[in-house]
Amino acid sequence: MITEVILPKLGQTMEEGTIVEWLKQEGDAVSQGEPLFTVETDKAVLEVEATATGYLRHILVPAGQKMPVLTVVALITTTADEGIGEYQRAGEPEMGGQPAAMPPATAAPPATRRILASPRARKTAREKGVDLALVAGSGPDGRIVEKDVLAHAARMAAPPPLPPEGKGKATPLAAKAAQALGVDLGAVRGTGIGGRIVRADVEAAAPPPPATPAVESRPLAGLRRIIAERMAASHQATARVTLVTEADATALVEVREQLKGSVAEEWGFAPGYNDLLGLIVARALREFPFMNARLSQDGQSIERLSAINLGLAVDTDRGLLVPVVRNADQKGLRAFGTEFRALVERARAGRSLPDDLTGGTFTITNLGMYDVDAFTPIINLPEIAILGVGRIQPRPVVREGEIVVRQMWTLSLAFDHRVVDGAPAARFLQRIKQLIEQPYLLLG
């Protein structure tokens, strides 16, 4: 029996995905529920499990290819040598081309002439870019075996025979090129008609140019491409304004130190500034709902959102990810911190769940741990604002006519002026500052 392995829809907004790695190879035994391959969605890499027990008979979509959801990407058969008929031709590479995409699971495979070939021959053909339709088989009933593919590939790669050396003269272009490149025509073997030396012969005989500094080139792909596209879209689409203020975080620092000593053992973690600030921002968003909003897709209305879903930017090996704590205003410090740490752990391990990284209504991005004081963050669309957080640093300030040292915290609020004006945004930032400086107000 043949079981089609499809690229599943792993989230409400997922329309396509890129296969990152096949965890099994063709011919390997697989068990239902065993991880079969990994797929990259908008911002997460997830494992996809086998839906049947048997053998991975044929991989139709190789790693690195992006496909729409519900596409058939592989076939699992009950036995190792079970025939798979027309499926074998789906995705076979053409000469020098890319594998053809399999249609969605609902489409029937195209009818075409059957090509008899052993599995090793097909694998070698894919690796060497050989079209099996052009290969003559030497096996039983004309079956193509591996040596037939190798022989055909060798004939394709063999250079054309050269005429005897010394015949003919150089073309005018070849003579001019030889003079410019300092090439002795007497030492050049001609490949033109009758052994005539052409320009390509001279260029091939010329000494290599001086080495240039090596340049490492990496494709703008996967998560990096998604980040690039979204940041560019935000910069171009929004009327961004940034407000900067300093908050006296001395009282907040003292609260955190007390919590570290009293609840860390019971909770299993010591509350951090991101946890405390998350609760503060969620409280401020509840009081200023116009900041928990977005512009409609047609740009004709402002949509205020009832749920406060707080995104907190996290640096990972794969790039910047924004896990979302849902209904953040309804959580206490312990629940918020526990959920946030689970989200961060999955994000850094590349195992985020489909909905971990979607649905945010406001984002906090903290660069304080890198000794950054202030910066201008880019709004995470479709949200209308983002709070940039710098480091907490002791600084001399004036209090009641005296110079004292206080723990100062720089905050940068970037917002879309199309949706909210400067004064309301400033009042929102002012409220965050007030809650930082008087954290006991959170108890009210």
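Where is glutamate 400 found? Glutamate 400 sits in the loop between S17 and S18, and we will come back to that loop below. Welcome to this structure, which is a predicted model. The tour starts with an open sheet of 6 strands, moves on to a nonpolar core of 48 residues, and then visits helix H2 (residues 146-157) and a few loop residues.

**The sheet**

- The 6 strands of the open sheet follow the order S9-S18-S17-S16-S12-S15, and their pairing is mixed.
- At the edges stand strand S9 (240-248) and strand S15 (324-325). Each has a single partner strand, so one side of each is left without a neighbour in the sheet.
- S17 and S18 run antiparallel and are joined by 13 bridges.
- If you look for arginine 395, you will find that its bridge partner in S18 is arginine 406.
- Helix H7 packs on this sheet, where it touches S12, S16, S17 and S18. The direction of H7 makes about 150° with that of S16.

**The nonpolar cores**

- The largest nonpolar core has 48 residues. Phe362, Leu387, Ile432 and Ile436 are the ones with the most contacts inside this core.
- Both helices and strands give two or more residues to this core: helices H6 (250-267), H7 (273-287), H8 (333-348) and H9 (422-437), together with strands S12 (310-312), S16 (362-366), S17 (385-399) and S18 (402-416).
- H7 gives the most to this core, with 8 residues.
- Isoleucine 436 is a good residue to click on. Leaving aside its neighbours within four places in sequence, isoleucine 436 is in contact with Ala247, Asp248, Ala249, Leu252, Leu277, Ile280, Trp409 and Leu411.
- There is also a second, separate core of 22 residues, which includes Leu36, Met67, Val73 and Ile76.

**Helix H2**

- The 12 residues of H2 should span 16 Å at 1.5 Å a residue, and its end C-alpha atoms are 17 Å apart, which agrees.
- Which residues of H2 are buried? They are Asp148, Val149, His152 and Ala153.
- Seen down the axis of H2, these buried residues fall within an arc of 130°, so they line one face of the helix. An α-helix has 3.6 residues a turn, so residues three or four places apart point the same way.
- The buried residues of H2 pack against helix H1 (119-128).
- On the face turned away from the buried side, H2 carries the exposed residues Lys147, Arg155 and Ala157.
- Alanine 154 also belongs to H2, and it is partly exposed because its relative accessible area is 47%, between the limits of 20% and 50%.
- Although alanine 154 and lysine 128 are 26 residues apart along the chain, their C-alpha atoms are separated by 9.9 Å.

**Loop residues with special backbone angles**

- The loop between S16 and S17 holds proline 382. The peptide bond from leucine 381 to proline 382 is cis, with omega near 5°.
- Aspartate 371 has its place in the loop between S16 and S17. Its phi is near 65°, a positive value in a residue other than glycine.
- Is aspartate 371 buried or exposed? Its relative accessibility is 55%, so aspartate 371 counts as exposed, given that exposed means over 50%.
- Back in the loop between S17 and S18, glutamate 400 has a positive phi of about 55° although it is not a glycine.
- Glutamate 400 is exposed, with a relative accessible area of 83%.

Terms used:
Residues are numbered from 1 along each chain as its sequence is written. This is a predicted model: local features need pLDDT of at least 70, side-chain atom pairs count only at pLDDT 80 or more; totals for chains, interfaces and linings use all residues. Side-chain values use heavy atoms; hydrogens and water are left out. A nonpolar core is a set of buried Ala, Val, Leu, Ile, Met, Phe, Trp, Tyr and Cys residues joined through side-chain atoms within 4.5 Å. Buried means under 20% relative accessible area, exposed over 50%, partly exposed in between (1.4 Å probe, protein chains only). Helices (H or I, at least four residues) and strands (E, at least two) are DSSP runs, numbered from the N terminus. Contact means heavy atoms within 4.5 Å. The expected span of a helix is 1.5 Å times one less than its number of residues. The arc is that of the directions from the helix axis to the C-beta atoms. Two strands pair if DSSP finds at least two bridges between them. Axes are lines fitted to C-alpha atoms, for helices over the stretch in contact, and angles run from 0 to 180 degrees between N-to-C directions.
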